[in-house]
Amino acid sequence: MIIVILIIIYSSIGIALLQRSVVSIDMGGTKVLAAVLNSEEGIIASVKKPTNPNSSKSEYIGILANIIYDVINEACIKEKHIEAICLGVPGSVNPYTGVIGLAPNLDLADFNIKDKLQEKVSIPVLVENDVNLGALGIKNFGVGKKAVNMLSVFIGTGIGGGLILDGKIYRGSKFVAGEIGHVLVDKNGPICGCGNRGCFETIASRTAIVNKIINDIKSGKKSELTDIVKAGDRIKSKSLANAVTNDDKVVIKRISDGCDVIGGVLASLSNFMNFDMIVLGGGMIEALANFMLPKIEIAFYNHVLNTSAEGLKILPSKLGDDAAIWGGIALAEEFLGVKV
Ligand SMILES: [Zn+2]
């Protein structure tokens with residue numbers, strides 16, 4: 001009996017000693033989300049902090065360093081049990097050097113964020129584009145586990161895409177692969193944040209759809225979002241979902257038009273790449289998956305080549321805001337060879 005108890009105590013101590021974790025950080029223009037996690041226990045602790053979009057580079061690094069130690073304390077584990085800090089950057093980034101390329105929402109272009117943060121923390125720092133991390137999270141811990149060639153698309157403020165090819169993340173020659181939001185849809189369309197006209201995200205992102213709804217309301221069409229528009233408040237995905245439930249014609253029309261474009265673009269890319277899975281995520285899909293997915297699928301199957309669509313699955317992500325956080329575990333394995 002005593003021996004059995006001793007064995008149980010010994011093995012639980014052993015597991016506790018062996019179980020390592022990573023700190024994953026999702027950087028945003030207005031907030032930073034950090035979590036301690038591992039594949040056994042999942043997310044152990046998380047901390048969210050607001051950031052000022054006008055912060056200097058050194059202020060931003062300071063915020064990141066603080067949130068790392070805050071979340072480690074929150075998780076009640078020792079720093080030596082953290083194998084890596086995995087930073088998800090909302091822009092293109094070279095994960096080998098750590099230099100950020102394009103980062104339209106943060107003033108961090110041409111900045112070596114990996115080296116600068118490494119000066120403040122002793123745990124190895126890894127960096128990756130946030131959408132790529134989301135794709136890695138979905139592939140390794142979400143609905144994409146069985147996918148071999150997978151496109152993940154996140155529809156929200158903009159539209160981001162991540163590619164898994166032959167089971168691995170595909171980054172491209174200059175680490176900007178997957179920029180689906182800047183695929184040309186209408187050469188006479190609205191001007192995009194990238195400077196071009198008519199990019200996919202200027203037509204089918206939540207921002208684009210909401211702008212069209214606002215114009216409809218301002219031109220006199222009736223909608224339950226009229227009060228929000230008059231007050232100048234932001235229209236969130238939740239409000240769009242409520243309006244759809246309440247059969248709001250303006251909102252239903254604009255979102256349906258968006259789904260039509262999304263389905264067409266996904267079909268074009270599918271014809272080009274022959275995926276076996278397309279995973280949709282982001283705030284808009286989370287709030288409206290039941291309404292949007294069937295409409296996206298109709299447009300998709302209208303345009304896709306039959307053979308290209310054979311066996312292909314289109315699924316909602318289900319990992320929510322945590323997709324990129326989960327991706328940190330896969331990044332630590334790829335770059336440091338550690339399994340956590
Ligand atoms: Zn663009």
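These are my notebook entries on a predicted model of one protein chain.

**Entry 1: confidence**

I began with the confidence values, and for the protein chain I noted a mean pLDDT of 92, with 94% of the residues reaching 70 or more. I then looked up where the confidence is lowest and where it is highest: the lowest mean, 52, belongs to helix α1 (residues 2–18), while the highest, 98, belongs to helix α9 (residues 249–273). Over residues 10–16 the pLDDT falls below 50, and I found that this stretch has 0 contacts in the model beyond near neighbours in sequence. I keep a reminder beside this entry that predicted coordinates should not be read in detail where pLDDT is low.

**Entry 2: two domains**

Next I looked up how the protein chain is divided, and I wrote down domain 1 as 18–136 + 322–336 and domain 2 as 146–318. Their centres, taken over C-alpha atoms, are separated by 27 Å. The contact between them takes 12 residues from domain 1 and 16 residues from domain 2. Which element gives the largest share of the side of domain 1 that touches domain 2? I found that this is α4, with 5 residues.

**Entry 3: helix α4**

Because of that share, I turned to α4 itself, and I checked its length before anything else. At 1.5 Å a residue, its 12 residues should span 16 Å, and the end C-alpha atoms are indeed 16 Å apart, so the two values agree. I then asked myself how many of the 12 residues of α4 are buried. The count is 11 of the 12, and therefore the helix is largely enclosed by the rest of the structure. Among the buried residues I listed Asp130, Asn132, Leu133, Leu136, Ile138 and Phe141. Helix α4 (residues 130–141) lies across β6 (150–155), β7, β8 and β9 (277–281), and it runs at about 50 degrees to β7. I also found helix α10 (residues 283–303) packed on the sheet, where it touches β6, β9 and β10, its direction making about 165 degrees with that of β10.

**Entry 4: the sheet and a hairpin**

I followed the strands of this open sheet and wrote down the order β8-β7-β6-β9-β10, for 5 strands with mixed pairing. Strands β8 (168–169) and β10 (313–316) stand at the edges, and because each has a single partner strand, one side of each is left without a neighbour in the sheet. I looked more carefully at one pair, β7 (residues 159–165) and β8, which are antiparallel and share 2 bridges. In this pair, Ile164 stands opposite Ile169 in β8.

Elsewhere I looked up strand β2 (residues 31–38) and strand β3 (residues 42–50), which run antiparallel and are joined by 8 bridges. These two strands form a hairpin, with 3 residues between them. I noted Val36 opposite Ala45 in β3.

**Entry 5: helix α6 and Val251**

For helix α6 (residues 206–218) I repeated the length check: 13 residues at 1.5 Å each should span 18 Å, and since the end C-alpha atoms are 18 Å apart, the model agrees with the expectation. Its buried residues are Arg206, Ala208, Ile209, Val210, Ile213 and Ile217. What covers them includes β6, α5 (201–204), α7 (226–231), α8 (237–245), α9 and α10. Just after α6, I found Gly220 with a positive phi of about 105 degrees.

I then picked out Val251, which has its place in helix α9. Is Val251 buried or exposed? It is buried, because 29 other C-beta atoms lie within 10 Å, and the cut-off for buried is 20 or more. Leaving aside neighbours within four places in sequence, I recorded its contacts as Ile213, Ser223, Leu225, Leu240, Ala243 and Val244. The C-alpha atoms of Val251 and Ile214 are separated by 9.7 Å, although these residues are 37 residues apart along the chain.

**Entry 6: two aspartates with positive phi**

Last, I looked up backbone angles, bearing in mind that most residues other than glycine have a negative phi. Asp110, which is not a glycine, has a positive phi of about 60 degrees, and it lies in the loop between β4 (82–89) and α3 (113–118). With 9 other C-beta atoms within 10 Å, Asp110 is exposed. Asp247 is not a glycine either, and I noted for it a positive phi of about 60 degrees. Asp247 is found in the loop between α8 and α9, and it is exposed, with 9 other C-beta atoms within 10 Å.

Note on methods: Residues numbered from 1 in each chain as written. Predicted model: local features only at pLDDT ≥ 70, side-chain atom pairs only at ≥ 80, totals over all residues. Pairing = 2+ DSSP bridges. Helix = DSSP H or I, 4+ residues; strand = E, 2+ residues; numbered from the N terminus. Contact = placed C-beta atoms within 7 Å. Axes fitted to C-alpha atoms, helices over the stretch in contact; angles between N-to-C directions. pLDDT = per-residue confidence, 0-100. Expected span 1.5 Å × (residues − 1). Domains from an automatic or database assignment.
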